[in-house]
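User: Hi! I'm new to this one and would love a walk through it. Could you start with any term I'll need?
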Amino acid sequence: MPTTGSSRIGSFVLYVVLVACSIVFLLPLYLALVNSLENWYAVPTILPEVFKWDNYKFATQMLDFWHYFGNSLILCGISVFTSTFVSGLVGYAFARLQAPGRSALFMIVLSTMMLPGIVTQIPQYILFYKFGLINTYLPWIIGGLGGNAFFIFLYRQFFATIPKELEEAARIDGCSIFRTYWNMFIPLSLPVVATVSIFNFQGTWSDFITPFFFLKQVKYPLATALTTINYTEGGSTQIIQQVSVAAGVIFMIPILITFFIGQRFIVDGIVTTGVKG
Amino acid sequence: MKEKNRRIVAFYLMISPWFLVFLVFGLFPMLYGLYLSFTNYYGFNMNKLKWVGLHQYKTLLTDSDAVHAMGRTLYLTALNVPLSTIIGLGLALLLNRRIRGAGIYRTVFYLPSIVPVVSSVLMWKFMFSSSNGILNSILEFLHIPAVNWMGYDYARLSLLIMLLWGAGGGVLVNLAGLKGIPRDLYEAAAIDGAAPFQSLRRITLPLMTPIIFFNVVLGIIGSLQIYLQPIMLTPGGRLMDRPIDPNYLYVVHAFQQIFSFQRFAYGMALLWVMFIVILVLALLVFRTSKYWVYYETEQEG
């Protein structure tokens, strides 16, 4: 592409702006890293002064860290497994099967996306309490079986783009409706399945308010544990910020890993579905 | 006919898990919460509830904490929604140019929005801390007097900065929208001698209005419900702490009433009022949308 003088200046300005924005967005992350390696009770710094890697060891030892980490994995496992599957089924029904009341029901799906979750959270607590489901993982299994409106919508948009002929061919070969979904639509839609799984994992991993309602401390996931338990030393109440931040950094690692693995899928998924709107 | 019926049965079977959970654990709790807001429920009197009519709602009108908190929440929303929409769109416009390393920038801008509240608040505490905090060091470097970021005068600004840091989350949806605008429109405009700024104003922005609209509606719904960030930003930052007044938002107040004072029925009334405010605002935006949102209905027909 031939570059004229003015567009060369233009692209220089573009890169300056991009890099400046990147620095602003990365600054808090950078500072967290630097200060997680500082001495205890030190004042925050911009440039690294010491590298106290022990803070990371203490972050996992001063709490029952790996126990809570394991709880997080259990919750994420339940949610990713059930919600990804059920949302797919519901999305398929809305995209490919005609039935009376379909559009009204789909309006309900969309409207649940708009309702503030908080309005139902406390009555839900009372309900779960009456059913004896408090301090069990059953609310997550039930929630997973209910799918998720955003995921249902995403699946529906994607399934709607798959050609009708493929489906008809499968039907002529004697495939049941469920097998058509499972053996054809799912393999063709792996980017969406991956996107939904990643969003699901991230959402469950960082949610600390639902477990705070429905579980007792021993079953807390890491997110809830880190917000309710302080890193302190001896009988002192002063929080050791450096160790807290180190714990926060470890806490982010699974989210970052899933994001880096999945970001290609996420972008492809949203672009494909978004355009078809 | 048989095939058609089979598909109808399959439809209902497939949506039934979602629908049952929605009825029992979504719709029912919602209506149940509405019912509780008309009773004297305080957490331990489930077996002898008394119907008190509009009493809780009347209390709300005389509760100056609630009224002020609502004002602050609306004010924060009025700042947060337009600014984060503009930032999200601006970053997407930058990324939509032909640039090297687009994936890296995309990741950098998107990253803050996936960092869990737990971690992001810990980070921002380092930014805001008043004794040798990072933001103050930067101000000092620029010869501007230091500021007490967590104090009364600046707490709201600090909260807003922290919220805007996550505005890059809108980049992905905006980029998807920008990529959906047909290239030939820009080519035609360029042939007609349109300057880049004119293309932006006459083609990009009008065609992006449906996505801007989506971001604004979701932004309003999300902003009005903010309660974790101000609590966590409070020194101490445990779940039941009371944030400093400028950050004492409406849903925080509802949580305080419910969990600190066991005023469950009153808390439900507070939340239902919030719900109605969200509905009214969303409806208003929907109503105005015909004046500024551009839909290609005639082409999609």
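Analyst: Happy to. A residue is called buried when its relative accessible area is under 20%. With that in hand, the buried residues of helix α6 (residues 134–141) of chain B are I134(B), L135(B), N136(B) and L139(B). One caution before we go on: this is a predicted model.

User: Thanks! What comes after α6(B)?
Analyst: H143(B) follows α6(B), and its phi is positive, near 60 degrees.

User: Which residues of α12(B) are buried?
Analyst: They are Y250(B), V251(B), V252(B), H253(B), A254(B), F255(B), Q256(B), Q257(B) and I258(B). Helix α12 covers residues 250–260 of chain B, and 9 of its 11 residues are buried, so the rest of the structure largely encloses it. Just after α12(B) comes Q262(B), with a positive phi of about 55 degrees.

User: Let's zoom out. How many helices and strands does chain B have?
Analyst: Chain B has 14 helices and 0 strands. Its C-alpha trace spans about 80 × 75 × 35 Å along the principal axes. Of its 301 residues, 51% count as buried.

User: And how much of its contacts link residues 24 or more positions apart?
Analyst: Counting contacts in chain B with a separation of 6 or more, 66% are between residues 24 or more positions apart.

User: Does UniProt have anything on it? I'm curious where the "transmembrane region" feature goes.
Analyst: The unreviewed UniProt entry places that feature at residues 12–35, 74–95, 107–127, 157–176, 207–228 and 264–286 of chain B.

User: What do residues 12–35 of chain B look like in the model?
Analyst: That span is 100% helix and 0% strand, with its end C-alpha atoms 30 Å apart. For residues 157–176 of chain B, the figures are 75% helix and 0% strand, and the end C-alpha atoms lie 31 Å apart.

User: What about a record for chain A?
Analyst: For chain A, an unreviewed UniProt entry puts "domain: ABC transmembrane type-1" at residues 69–262. In the model this span is 75% helix and 0% strand, and its end C-alpha atoms are 21 Å apart.

User: Now the two chains together. How many residues of each are in contact?
Analyst: 86 residues of chain B are in contact with 94 residues of chain A. The two chains bury about 8,100 Å² between them, and carbon and sulfur atoms hold 80% of that. On the chain B side, M14(B), W18(B) and F126(B) lose the most area to chain A, together 10% of what that side buries.

User: How many salt bridges are there between chain B and chain A?
Analyst: There are 2 salt bridges. In a salt bridge between R171(A) and E3(B), the side chains come to 2.7 Å, N to O. The chains also share 8 residue pairs in polar contact, counting pairs with both residues at pLDDT 80 or more.

User: Which helix gives the most to chain B's side?
Analyst: Helix α1 (residues 2–36) of chain B does, with 23 residues on the side that touches chain A. That side as a whole divides into 63 nonpolar, 14 polar and 9 charged residues.

User: One last spot: is Q124(A) buried or exposed?
Analyst: Q124(A) counts as buried because its relative accessible area is 16%, and the cut-off is under 20%. Q124(A) sits in helix α5 (residues 118–130) of chain A.

User: What is Q124(A) in contact with?
Analyst: Setting aside neighbours within four places in sequence, Q124(A) is in contact with F214(A), F25(B) and P29(B).

How values were computed:
Residues numbered from 1 in each chain as written. Chains lettered and ligands numbered in written order. Predicted model: local features only at pLDDT ≥ 70, side-chain atom pairs only at ≥ 80, totals over all residues. Heavy atoms only, no water. Contact = heavy atoms within 4.5 Å. Buried area = accessible area lost by both parts, 1.4 Å probe. Salt bridge = Lys/Arg side-chain N within 4 Å of Asp/Glu carboxyl O. Polar contact = N/O pair within 3.5 Å; in protein donor to acceptor, adjacent residues only side chain to side chain. Helix = DSSP H or I, 4+ residues; strand = E, 2+ residues; numbered from the N terminus. Nonpolar A, V, L, I, M, F, W, Y, C, P; charged D, E, K, R; others polar. Buried < 20%, exposed > 50% of the residue type's maximum accessible area, 1.4 Å probe, protein only. UniProt positions renumbered as here; feature names shortened; annotations may be inferred.
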